[in-house]
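Biologist: Can you walk me through the pocket and the ligand in this one? Start with whatever terms I need.

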Amino acid sequence: MKKEIPYKIYLEESELPKQWLNLRAFMKKKPAPLLNSQTLQPMTQAEMEEVFCSELARQELDDTTPYIDIPAEIRDFYKMYRPAPLVRAYCLEKALGTPAKIYYKFEGNNTSGSHKLNSAIAQAYYAKEQGLKGVTTETGAGQWGTALSMACSYFGLDCKVFMVKCSYEQKPFRREVMRTYGANVTPSPSQTTEVGRKILAEFPGTSGSLGCAISEAVEAASQLEGYRYVLGSVFNLVLLHQSIIGLETKAALDKYGVKADIVIGCAGGGSNLGGLISPFMAEQLEGKAKYQFIAVEPSSCPTLTRGKYAYDYCDTGKVCPLAKMYTLGSGFIPSASHAGGLRYHGMTTTLSELYEQGLMEARSVEQTKVFEAAEQFARVEGILPAPESAHAIRVAIDEAMKCKQTGEEKTIVFGLTGTGYFDMFSYEKFHDGKMQDYLPTDEELSASLEKLPKI
Ligand SMILES: *Cc1c(COP(=O)(O)O)cnc(C)c1O
């Protein structure tokens with residue numbers, strides 16, 4: 001007999017995954033290696049260790065081990081806020097009048113308000129294990145900085161955050177949460193680094209970008225004894241930690257014999273989406289099942305849908321390794337969109353390669369349509385979504401409405417990456433009818449793509 005599906009499917013604490021899933025190990029054609037930006041040769045462990053924590057560098061370079069143990073200390077921390085619920089969106093289904101079955105995995109159940117904590121705690125743990133004093137990082141919208149500040153204070157590490165200037169000014173409360181955890185927060189670009197001073201000289205009055213904040217954080221780590229640089233997305237080590245999202249989702253669905261048809265996630269650097277799809281994609285790559293995967297990005301920063309698959313710099317200052325990825329060019333500064341967490345110029349190499357192979361689709365959506373979906377969702381589901389997460393809601397609703405027309409009872413699963421309580425200025429703009437949709441022109445994009453390194 002089929003079990004009645006509850007509104008919320010919780011796993012038991014004992015069912016919390018004991019290993020992360022390394023999706024690259026399942027890919028026949030692997031993502032291209034990171035290259036040293038000086039020698040253009042694949043990055044070695046020794047070179048990686050100059051910037052990154054040793055164990056994290058090892059994870060980044062490992063594309064063959066399918067499962068990696070989650071250390072007990074990290075699992076204990078996870079138990080504080082995980083397993084995260086998988087919610088059957090009965091109320092949304094009813095409001096839409098769709099025969100589709102909609103589920104979402106909610107990652108906003110912790111103080112950082114997003115999935116970022118899943119990797120922050122792992123990265124802080126490995127930094128501590130290595131005996132480091134502290135770490136440096138960048139943050140755009142602020143969620144990663146918040147998560148890392150919390151993780152660092154838990155393990156007694158110092159945390160220096162370079163926060164993109166426009167969000168530093170727009171989101172003072174995010175900054176204060178970070179300071180509550182003892183982090184040191186600097187608006188970027190700043191006068192505290194050489195690369196920051198150079199960018200300020202070239203573009204006075206710039207409101208900053210993620211690519212620029214990354215360069216500053218890397219430089220700061222290299223100048224400080226006992227510090228390394230850590231990052232909240234884009235790299236495969238982050239996808240690895242975020243696989244906890246997908247593993248829990250799949251375990252919860254399996255428990256009730258539910259097979260997903262469509263898996264949807266928003267894509268900034270690609271970490272939550274990569275983590276969510278990991279076990280499903282691994283199954284598909286093994287030929288055991290088939291799914292439709294959809295990456296959703298803002299039309300103001302259309303990395304997959306309008307970018308190019310090529311080697312590019314991960315940061316504006318060109319201090320990070322080169323990655324082969326879908327990119328808009330490392331100098332691309334997207335318009336001031338309200339989904340700060342999705343404003344990165346590139347996409348993780350794993351998702352880029354899967355997209356190139358035609359194993360994943362991508363859609364770009366305009367922000368006014370995204371906020372319409374956010375509001376529709378908030379009114380019936382009891383969670384106020386982050387604008388980033390609402391990109392996934394938008395496409396989940398679109399797919400559910402297609403089912404309404406065709407009568408298909410598809411099972412749609414999407415990632416609800418976080419809450420939007422620090423984004424009320426954006427909601428206000430939307431409610432006041434002052435929100436605009438910015439689309440980069442073809443000329444702007446090709447001007448940026450022309451500057452890709454010739455490799
Ligand atoms: C950072 C962030 C994202 C986007 O980052 P990915 O690495 O693409 O997952 C999405 N949603 C929220 C709430 C975020 O904080």
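Modeller: Ala, Val, Leu, Ile, Met, Phe, Trp, Tyr, Cys and Pro count as nonpolar, Asp, Glu, Lys and Arg as charged, and the others, Gly among them, as polar. This is a predicted model, where local features need pLDDT of at least 70 and side-chain atom pairs pLDDT 80 or more, while totals for chains, interfaces and linings use all residues. Residues are numbered from 1 along each chain, and side-chain values use heavy atoms, without hydrogens and water.

Biologist: How do the residues lining the largest pocket divide?

Modeller: Ten are nonpolar, nine polar and seven charged. A pocket here is an open set of points on a 1 Å grid where a 1.4 Å probe fits, with protein on both sides within 12 Å along at least five of seven lines; lining residues have an atom within 4 Å of a point.

Biologist: Which residues lie nearest its centre?

Modeller: Phe-203, Thr-316, Gly-317, Lys-318 and Gly-331, out of 26 lining residues.

Biologist: Where does the largest pocket lie?

Modeller: Domain 1 (18-70 + 114-229) and domain 2 (82-113 + 237-449) both give residues to the lining, so the pocket lies between them. The bounds come from an automatic or database domain assignment.

Biologist: Now the ligand. Which side chains have an N or O atom close to its oxygen atoms?

Modeller: Among them are Ser-271, at 2.7 Å, and His-115, at 3.2 Å. A polar contact is a pair of N or O atoms within 3.5 Å.

Biologist: How much of the ligand does the protein cover?

Modeller: The protein covers 97% of the 380 Å² accessible area that the ligand has on its own, by the Shrake-Rupley method with a 1.4 Å probe.

Terms used
Polar contact = N/O pair within 3.5 Å; in protein donor to acceptor, adjacent residues only side chain to side chain.
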